[in-house]
Amino acid sequence: MKKISVAIDGPAGAGKSSVAKLAAKRVGYLYIDTGAMYRAITWQMLRKKTDIQDEGAVRRLLDTTDVVLETGNADRVFVNAADVTDAIREPEVTGQVSAVAALAAVRQKLVQLQQQMAAAGGVILDGRDIGTVVLPQAELKVFLTASIASRARRRWLEMKERGRKTTTLADMERDIAVRDRMDSEREISPLREAEDAVHVDNSDMTLEETADVICRLIAEREV
Ligand code: CDP
Ligand code: CDP
């Protein structure tokens, strides 16, 4: 049986990371959360107060910032050995990440790192440009999406469960729409469906049902 490379792309709140994580566990693949890497760089830029318009400052920051994903049971994210797993999910980072992810130098560094991490195969990567740029040769590409109402509700419930009551459902929908637009309209590697991707709308599917679909698609290609 051949272990393949899987690319899952789609907009915010579509279920990419939870579905990818579950499917990876079931098929024994390595899960790589590329969004966490863009969030990690954004966290570091906010901490260092880097001006994102200043190319030199951005490059210096990238040269001195190591992003490490520790995969396994707990999936932790580190920036220069500091555990930033929870910090990168804070609204401050979410509000800035699409602007940081639009920078050429940032994408260059992270795409290279992602390709190195995925080189051995038996991997599931999720993000925005995996099927189009990072792994254009992936044996399975999935474009995972859901209606904006479902995506906003999912994210809002998630925040509520984490004890955050600051955002209304309407605010969440607006924030996601802004991020969708920035991610789809940026010049470099915008979010778009690869021509050879399998389109999966999971608005009315549970997490388990969606993971079942992905696992079936993987099994069909592993022979
Ligand atoms: O989980 P959520 O959809 O909120 O976002 P994420 O996957 O953590 O990604 C955060 C942001 O990173 C996205 O809104 C994109 O701006 C950027 N990103 C990207 O540009 N390319 C990727 N491969 C992954 C994420
Ligand atoms: O990574 P992405 O932003 O695409 O989405 P996510 O963070 O994996 O999923 C957002 C939320 O939706 C999580 O709380 C998932 O458990 C939930 N979800 C769901 O309720 N039903 C699905 N079919 C997929 C995800």
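Here are legends for several close-up views of this predicted model.

**View 1. Ligand 1 and the residues that come nearest.**
Ligand 1 has 19 residues around it, and R39, R107, R155, R179 and D183 come nearest. Sorted by class, ten residues of this shell are charged, five are polar and four are nonpolar. Helix 2 (34-47) chips in, as do helix 4 (91-101) and helix 8 (169-185), each with at least two residues. Helix 2 gives the most, with four residues.

**View 2. Polar contacts to ligand 1.**
Zooming in on atom pairs, R39 puts a polar side-chain atom 2.7 Å from an oxygen atom of ligand 1. R179 also reaches an oxygen atom of ligand 1, with an N or O atom of its side chain at 2.8 Å. On the nitrogen side, D129 has a side-chain N or O atom 2.8 Å from a nitrogen atom of ligand 1. How much of ligand 1 does the protein bury? Taken alone, ligand 1 exposes 530 Å², and 99% of that is buried by the protein.

**View 3. Ligand 2 and its polar contacts.**
Around ligand 2 there are 16 residues, with G13, K16, S17, S18 and E158 coming nearest. S18 places a polar side-chain atom 2.4 Å from an oxygen atom of ligand 2. A side-chain N or O atom of N202 sits 3.3 Å from a nitrogen atom of ligand 2. T206 joins in through its backbone, where a polar atom lies 3.5 Å from a nitrogen atom of ligand 2. On its own ligand 2 exposes 550 Å², of which the protein buries 81%. Helix 1 (16-27), helix 7 (148-161) and helix 9 (207-221) are the elements that give two or more residues to this shell. By class, the shell around ligand 2 splits into seven polar, five nonpolar and four charged residues.

**View 4. An open sheet of three strands.**
The strands run in the order 3-4-5, with antiparallel pairing, and the sheet is open. Strand 3 (67-70) and strand 5 (82-83) stand at the edges with a single partner strand each, so each has one side without a neighbour in the sheet. Two bridges link strand 4 (residues 76-79) to strand 5 in the antiparallel sense. Look for V79, which stands opposite A82 in strand 5. As general background, strands in a sheet pair through backbone hydrogen bonds, and the pairing can be parallel or antiparallel.

**View 5. The salt bridge between R89 and D33.**
This pair is one of 14 salt bridges in the model. The side chains of R89 and D33 meet with N and O 3.2 Å apart. R89 belongs to the loop between strand 5 and helix 4, while D33 is part of strand 2 (residues 30-33), so the bridge ties together parts 56 residues apart in sequence. Is each partner buried or exposed? R89 counts as partly exposed, at 30% relative accessibility, whereas D33 counts as buried, at 14%.

**View 6. More charged pairs.**
K141 and D196 also form a salt bridge through their side chains, at 3.2 Å from N to O. K141 lies in strand 7 (residues 140-145) and D196 in the loop between helix 8 and strand 8 (198-201), so this pair ties together parts that are 55 residues apart in sequence. K141 is buried, with a relative accessible area of 7%. E220 and R221 make another salt bridge, and their closest N and O atoms are 3.5 Å apart. R221 is partly exposed, with a relative accessible area of 26%. Then there's a network: R128, D183 and R186 are joined by salt bridges that share partners.

**View 7. Positive phi at K49 and N80.**
In general, most residues other than glycine have a negative phi. K49, which is not a glycine, has a positive phi near 55°. K49 lies in the loop between helix 2 and helix 3 (55-63), and K49 is exposed, with a relative accessible area of 71%. N80, again a residue other than glycine, has a positive phi near 45°. Where is N80 found? N80 is in the loop between strand 4 and strand 5. With a relative accessible area of 37%, N80 is partly exposed.

Conventions
Residues numbered from 1 in each chain as written. Chains lettered and ligands numbered in written order. Predicted model: local features only at pLDDT ≥ 70, side-chain atom pairs only at ≥ 80, totals over all residues. Heavy atoms only, no water. Near = heavy atom within 4 Å. Polar contact = N/O pair within 3.5 Å; in protein donor to acceptor, adjacent residues only side chain to side chain. Areas by Shrake-Rupley, 256 points an atom, 1.4 Å probe, with all protein chains shown as cover. Nonpolar A, V, L, I, M, F, W, Y, C, P; charged D, E, K, R; others polar. Pairing = 2+ DSSP bridges. Salt bridge = Lys/Arg side-chain N within 4 Å of Asp/Glu carboxyl O. Buried < 20%, exposed > 50% of the residue type's maximum accessible area, 1.4 Å probe, protein only.
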